[in-house]
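I opened the model today to look up a few local features and write them down. These are my entries, in the order I made them.

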Amino acid sequence: MDLILKNANVITMDTNNKRASAVATKWGKIFAVGKDSQIAPLAGSGTRIVDLGGKTVLPGFIDTHNHLSFYGYLVSSVDCRAVSGVERINDVTDRLRAQADKTPPGEWVMGWGYAHYHLKDNRPITREDLDRASVKHPILLIQVSGHAGVANSKALEVFGFAGETPDPPGGVIRRDPATNRPNGILEESALLNQLQAVFFQHFMAWPLEKRVHMIETAISHYNRRGITALHEAYVVPQALHLYQEMERLGRLNLRIYTMNIDYAAPALLDAGITFGYGTDMVRVGPIKMFMDGGMSNRTAAVSQPYRNSNETGIFLSTREDTFAKFERFHAAGYQIAIHAQGDAAIGAVLDAFENVLGRTSKNPLRHRIEHCGNITEKQIQRAADMNLLVSSQPMFLSHLGDGFLDAFGPERGHRLYPYRSFINHGIRLAGASDSPVAPADPLLGIRDAVMRLTGSGAEIGPEERLSVSEAVQLYTSEAAYFSFDENRAGTIEPGKYADFVVLDRDITAIPPREIADADIKMTIVGGRVVYEK
Ligand SMILES: [Zn+2]
């Protein structure tokens, strides 16, 4: 054996929810699970034996919607999050200026993580604020949600955004009402299209070692949270290449299932690369599409206006286009994963799925809806009839929940993310973080799926709470199903990947509010310890 964990509380998460005290691994897979006395004789001279002193072992956590490369890029940019000490717009400006002072003029300065509702100034950040940091560098500051941001004057000039520039489809260039000039605030596609371009020019031009190091750093953050696999929710060919390169170099410490962004999909299909192609570490997953925006910044496409407003959000793609793409990707044998948050967007997505699947279906490609926050009861039934899967982010409840209640009001707000209803209808549900939108911390997600409290402590739909064991499944056994890995991962059973997380306490036996305080002691991927405290 390569590794034996003994004297442990092993929660296997298998169908009988069996417990064990020891696990042996060989060649990256689980060889045996059982009592200490059963496993001990398997030890050989080269076996590493770890006495866990009663600590808890769970299957490694799987984050089914995570923007790894984007997170890596952002954490290497200027941190403007409230948790990092940013309280006022001046703090943001100071930090960006400090970065600009170290950067040659003309090169990009990127910041990330502010949320206007966390700033004491009680007004939006505009380009004038960023111009106070520098007018010689293009500056782009991304909101914590990733769906909106602010550009300084130099960046607007680089983008070619002026008074007469029309809003791009699915996006808004906010303007100063008096002069009609862009005030720097960019929403949805107006931001995202530019961000992609900047990301590629900036990040992809870096030497390979710098890019590998950046992703490695991001992965080390995730390993520290017990994550052993993730679904990368925005993969372009350059990122796929980088991940393959990292595997080749032996520097990839978690498994990546790629969600390939739709505009790059034709290249995959034309190259004859099929769904599921790859290795145990990097595998080609679904085609990723976007139907609408986010709920807390009111860009999710909803059927009734947001509270105190007449706005109903933004469609990022047309019905016709969605139907056509679904037909193409479904026929090509690819799983489809589509971002849909508002009920209007979800309705259009259900129509498009029904067009390729029929009304009742086995959904053999396991097509999935990402987020699925503002779904109606009728839509839940439709999704269940088609056997659609839902990947969702319980930690949005504590992280963005107050923003949701603000946008939807109490009555509609309580029906968001109806996890209990999904499970009662037989809909397969998996957990995710959408990192960097919320912290990639599955324990937070497990706690929030059970507690359903916002950051300020308000309840969101308490009748939709899950049990702790169901919440753990969202990040283990259920998550594995989403990538066709139910026979390879998600539970601690012989033959599966030796992917584990070791916790200082049994999260199924403590008050749920303490779940996120549990300490990750060790993370193991393929029998290799990738994090140890
Ligand atoms: Zn996402």
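Entry 1, burial of two residues. The model is a predicted one. I checked accessibility for His-67 and Asp-434 and found that both are buried.

Entry 2, the metal site. Which protein atoms are the donors of the zinc ion? I listed His-65 through NE2, His-67 through NE2 and Asp-434 through OD, lying 2.1 Å from the ion. I then wrote the sequence spacing of these donor residues as H-x1-H-x366-D. His-67 and Asp-434 link distant parts of the chain, being 367 residues apart. I placed His-67 in the loop between strand S8 (61-66) and helix H2 (68-75). Asp-434 I placed in the loop between strand S21 (429-431) and helix H16 (442-451).

Entry 3, a peptide bond. I looked at omega for the bond joining Ser-435 and Pro-436, and at about 10 degrees I recorded it as cis. Pro-436 is in the loop between S21 and H16, the loop I had already noted for Asp-434.

Entry 4, His-339. I found this residue in strand S18, which covers residues 336-340. Is His-339 buried or exposed? I put it down as buried, because its relative accessibility is 3% and the cut-off for buried is under 20%. Next I went through the polar contacts of the His-339 side chain. It reaches the backbone oxygen of Asp-292 at 3.2 Å. A polar atom of the same side chain lies 2.9 Å from the backbone oxygen of Gly-293. Leaving out residues up to four places away in sequence, I listed what His-339 touches: His-147, Lys-288, Met-289, Phe-290, Met-291, Asp-292, Gly-293, Glu-370 and His-371. Asp-292 and Gly-293 thus appear in my notes both as touched residues and through their backbone oxygens.

Entry 5, positive phi. I looked up phi for two residues that are not glycine. For Asn-17 I read a positive value of about 55 degrees. Asn-17 sits in the loop between strand S2 (9-11) and strand S3 (19-20). I noted Asn-17 as partly exposed, because its relative accessible area is 39% and that class runs between 20% and 50%. For Glu-188, phi is positive and near 50 degrees. Where does Glu-188 lie? I found it in strand S14, residues 182-188. Glu-188 has a relative accessible area of 0%, so I entered it as buried.

Technical notes: Residues numbered from 1 in each chain as written. Predicted model: local features only at pLDDT ≥ 70, side-chain atom pairs only at ≥ 80, totals over all residues. Heavy atoms only, no water. Helix = DSSP H or I, 4+ residues; strand = E, 2+ residues; numbered from the N terminus. Buried < 20%, exposed > 50% of the residue type's maximum accessible area, 1.4 Å probe, protein only. Polar contact = N/O pair within 3.5 Å; in protein donor to acceptor, adjacent residues only side chain to side chain. Contact = heavy atoms within 4.5 Å. Donors = N, O, S within 2.8 Å, 3.2 Å for Na, K, Ca; no water.
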